[in-house]
Amino acid sequence: MAEILVLVDHADGVVRKPALELLTLARRIGEPSAVVLGAGAAAADIAAKAAEFGAAKVYVADGAEFADYLVVPKVDALTQIAKAADAAAVLVTSSGEGKEIAARVALRLGSGILTDAVDLEAGDGGPVATQSVFAASFQVKSKVSHGAPVITVKPNAVAPEAAPAAGAVENVTVAFTGNAAKVTSRTPRVASGRPELTEAAIVVSGGRGVGEASGFRVVEELADSLGAAVGASRAAVDAGWYPHSNQVGQTGKQVSPQLYVAAGISGAIQHRAGMQTSKTIVAINKDAEAPIFELVDYGVVGDLFQVLPQLTAEVKARKG
Ligand SMILES: Cc1cc2nc3c(=O)[nH]c(=O)nc-3n(C[C@H](O)[C@H](O)[C@H](O)COP(=O)(O)OP(=O)(O)OC[C@H]3O[C@@H](n4cnc5c(N)ncnc54)[C@H](O)[C@@H]3O)c2cc1C
């Protein structure tokens with residue numbers, strides 16, 4: 001059966017959820033093999049988790065290079081493993097780092113890259129990726145016509161499903177090529193206690209309609225009741241009400257959660273570009289004519305300062 005390599009993203013010794021989604025998708029197009037790089041002592045636990053989600057094999061490579069340099073050591077490892085295994089495809093999470101790794105691997109393999117896939121299926125002559133294009137106005141299906149495709153998949157494309165497999169560990173010694181940008185210092189990100197915006201299953205976003213920085217409190221309270229990440233429109237970010245790292249849209253982050261709640265956001269095309277592939281979209285806006293209502297699954301015409309606290313109270317009541 002065709003071997004599909006999945007680069008397993010991990011942090012602090014824990015597998016990140018998008019990697020489990022990739023393993024779930026990989027099973028549709030062949031037999032998944034996980035690639036675990038630079039995990040140190042956590043590699044065994046990560047390999048076990050990958051096996052739980054369908055990895056028949058787990059390639060493990062370690063070395064200080066993975067932490068000391070930016071993407072090139074991972075590119076070296078993934079390319080070497082893909083060639084040795086004669087992989088039929090390579091799947092990587094659609095993050096900034098993931099896309100850079102994927103592009104370099106595709107170049108070295110002499111194949112092609114498909115980015116930001118939202119679905120994958122088996123097709124004649126290789127996997128077919130569904131991509132959402134032109135600010136998510138159209139869906140296209142694409143496949144690479146030459147070599148083993150390298151495909152980046154957006155987080156939340158599928159719900160991860162366990163399917164225990166052998167997870168036979170194979171230790172790999174990587175021949176590093178050098179020429180990598182060295183990491184000279186690290187500054188830990190201030191933890192908000194909320195999930196990472198691009199990976200969150202639920203995102204609650206606020207826009208200019210929140211009125212001022214303190215108006216985000218009702219947005220955050222709803223997000224916390226749902227275990228969600230907080231997003232913001234560019235208007236809210238430009239006003240200095242919320243950090244740029246939380247901006248959703250064309251010039252912000254692309255999110256594709258199971259549930260996206262937009263509060264006080266009009267629905268400009270540049271905002272839609274970052275959230276339109278969300279599975280279920282809910283908007284709260286006091287203007288019934290706001291463009292956001294054209295794309296929602298559920299819309300509430302009302303003042304967000306009245307609607308959000310009621311929603312938060314209801315969520316809390318139902319959770320008990
Ligand atoms: C090159 C370029 C790139 C851009 N990139 C991005 C991007 O990445 N992300 C992004 O978001 N935008 C981006 N924009 C900006 C975009 O065009 C819009 O200006 C922006 O999205 C508007 O933000 P907003 O919906 O919060 O504000 P507005 O358009 O002002 O909408 C505010 C909404 O809040 C509603 N409202 C007001 N008070 C309340 C209340 N109390 N209760 C309920 N509803 C209320 C109003 O009815 C209105 O619909 C970009 C623009 C350009 C030109």
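Is D76 buried or exposed? D76 is buried, with a relative accessible area of 4%; buried means under 20% relative accessible area, exposed over 50%, and partly exposed in between (1.4 Å probe, protein chains only).

## Ground rules

This is a predicted model, in which local features need pLDDT of at least 70 and side-chain atom pairs count only at pLDDT 80 or more, while totals for chains, interfaces and linings use all residues. Residues are numbered from 1 along each chain as its sequence is written, and side-chain values use heavy atoms, with hydrogens and water left out.

## The sheet

Let's start with the strands. There is an open sheet of 9 strands, ordered 9-8-7-10-6-1-4-5-11, and its pairing is mixed. Helices (H or I, at least four residues) and strands (E, at least two) are DSSP runs, numbered from the N terminus, and two strands pair if DSSP finds at least two bridges between them. Strand 9 (138-142) and strand 11 sit at the edges with a single partner strand each, so one side of each has no neighbour in the sheet. On average, neighbouring strands here are turned by 35° against each other, direction ignored.

At the strand 9 edge, strand 8 (residues 128-133) runs antiparallel to strand 9, and 5 bridges join the two. One of the residues to look for is A129, whose bridge partner in strand 9 is S142.

## Helices on the sheet

Helix 4 (residues 72-85) packs on the sheet, where it touches strand 1 (3-7), strand 4 (31-37), strand 5 (57-61) and strand 6 (89-93). Contact here means heavy atoms within 4.5 Å. The direction of helix 4 makes about 170° with that of strand 1; axes are lines fitted to C-alpha atoms, for helices over the stretch in contact, and angles run from 0 to 180 degrees between N-to-C directions.

Helix 5 (residues 96-109) packs on the sheet too, touching strand 1, strand 6, strand 7 (113-121) and strand 10 (150-153). The direction of helix 5 makes about 170° with that of strand 10.

## Salt bridges

The structure holds 14 salt bridges, each one a side-chain nitrogen of Lys or Arg within 4 Å of a carboxyl oxygen of Asp or Glu. D76, from the opening question, meets R108 in one of them (2.7 Å, N to O). That pair links distant parts of the chain, with R108 in helix 5 and D76 in helix 4, 32 residues apart. R108 is partly exposed, at 34% relative accessible area.

D119 pairs with R28, and their closest N and O atoms are 2.6 Å apart. D119 belongs to strand 7 and R28 to helix 1 (residues 17-29), so this salt bridge ties together parts 91 residues apart in sequence. Both ends are partly exposed: D119 at 30% and R28 at 42%. In helix 9, R318 and E314 form a salt bridge (3.0 Å, N to O), and at 4 residues apart they are separated by about one helical turn. R318 is exposed at 70% relative accessibility, whereas E314 is partly exposed at 39%. Salt bridges with shared partners also join R194, E220 and D224 into one network.

## Rings

There are 2 aromatic pairs, where rings of Phe, Tyr and Trp (its six-membered ring) pair if their centres lie within 6.5 Å; planes under 30 degrees apart count as stacked, over 60 as edge-to-face and the rest as tilted. F66 and F176 are edge-to-face, at 5.5 Å centre to centre and 75° between the planes. F66 lies in helix 3 (residues 65-68) and F176 in the loop between strand 11 (168-171) and strand 12 (202-206), so the pair ties together parts 110 residues apart in sequence. F66 is buried at 8% relative accessibility, while F176 is partly exposed at 30%.

F216 and Y242 are stacked, because their ring centres are 4.3 Å apart and their planes are at 25°. F216 is buried at 1% relative accessibility, and Y242 is buried at 13%.

## Helix 6 and a positive phi

F216 is in helix 6 (residues 216-226), where V218, V219, L222, A223 and S225 are also buried. The buried residues of this helix pack against strand 12, strand 13 (229-232), helix 7, strand 14 and helix 9 (304-319). Right after helix 6 comes G227, with a positive phi near 70°.
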